[in-house]
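I sat down with this one to see how the chain is put together. These are my notes, in the order I looked things up.

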Amino acid sequence: MMATTDADPVVVDTFLAFAAGIGMVPIRKEKPGGLLVSVLGPSLCAVQDLAFGGSAELEAIDEVRRLGTGLPRGTFEIFGVIGLSAPCRIAWHGDEDQQRIAAWFKASYLGQG
């Protein structure tokens, strides 16, 4: 929840209660991009670099993440949930290396089904 100083506190409280009611984690603090993106961002960049550089296959990267962390999904499986276009759009605004990775993902995976 990123309310402005002009936001009605009653509306903010109502929104946060609604979010909690549908199983979201209501957070009042402002963080551009949100907490999930802040937590996943460095991991997403790292695995994109591994895959782009040919260091590992997507399936191996996901398996290592699942086994190493105990999490139910690997990073590329998360891409399947959030969509690959979002990480690609973020990478397009990065440095030259990130832009090359974004172009590779777009050419190799976006629109491929």
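Before anything else I fixed my terms: buried means under 20% relative accessible area, exposed means over 50%, and partly exposed is whatever falls in between. I also noted that this is a predicted model.

**Aromatic pair**

I looked up Phe52 first and found a relative accessible area of 33%, so I wrote it down as partly exposed. Trp104 comes out at 23%, so Trp104 is partly exposed too. I then searched for aromatic pairs and got one for the structure. How are its rings arranged? The ring centres of Phe52 and Trp104 sit 5.7 Å apart with the planes at 70°, so I logged the pair as edge-to-face. Phe52 belongs to helix α2 and Trp104 to helix α6, so the pair ties together parts of the chain that are 52 residues apart in sequence.

**Whole chain**

Next I stepped back to the overall layout. I counted six helices and zero strands, so my sketch, read from the N terminus, is just α-α-α-α-α-α. The chain has 113 residues, and 22% of them count as buried. I got about 7,800 Å² of exposed area for the chain, with carbon and sulfur atoms supplying 61% of it. I also checked contacts between residues at least 6 apart in sequence: 41% of these join residues at least 24 apart.

**Helix α1**

I ran a length check on α1, which covers residues 9–21. Its 13 residues at 1.5 Å each should span 18 Å, and I read 18 Å between the end C-alpha atoms, which agrees. Which residues of α1 are buried? I found Val12, Leu16 and Ala19. Looking down the axis of α1, I saw these buried residues fall within an arc of 60°, so they line one face of the helix. On the other side of α1, I listed Val10, Val11, Thr14, Ala17, Phe18 and Gly21 as exposed.

**The largest nonpolar core**

I moved on to the largest nonpolar core, which has 13 residues; the members touching the most other members are Ala51, Ile61, Phe76, Phe79, Leu84 and Phe105. The elements giving two or more residues to this core are α2 (34–52), α3 (58–69), α4 (75–82) and α6 (96–108). I noted α2 as the source of the largest share, four residues.

I followed Phe105 outward from there. Ignoring residues up to four places away in sequence, I found that Phe105 touches Gln48, Phe76, Leu84, Cys88 and Leu110.

**Val47**

I picked Val47 next, in helix α2. Its relative accessibility is 9%, so it counts as buried. What does Val47 touch beyond its sequence neighbours? Leaving out residues up to four places away, I got Ile61, Thr75 and Phe76. For Val47 and Ile61, which are 14 residues apart along the chain, I read a C-alpha separation of 7.1 Å.

**Gln98**

Last stop was Gln98, placed in helix α6. Is Gln98 buried or exposed? I got 15% relative accessible area, so Gln98 is buried. Setting aside neighbours within four places in sequence, I found Gln98 in contact with Cys45, Gln48 and Ala91. Gln48 was already in my notes as a contact of Phe105.

Methods. Residues numbered from 1 in each chain as written. Predicted model: local features only at pLDDT ≥ 70, side-chain atom pairs only at ≥ 80, totals over all residues. Heavy atoms only, no water. Core = buried A, V, L, I, M, F, W, Y, C linked by side-chain atoms within 4.5 Å. Buried < 20%, exposed > 50% of the residue type's maximum accessible area, 1.4 Å probe, protein only. Contact = heavy atoms within 4.5 Å. Phe/Tyr/Trp six-rings, centres within 6.5 Å; stacked < 30°, edge-to-face > 60°. Areas by Shrake-Rupley, 256 points an atom, 1.4 Å probe, with all protein chains shown as cover. Expected span 1.5 Å × (residues − 1). Arc of directions from axis to C-beta.
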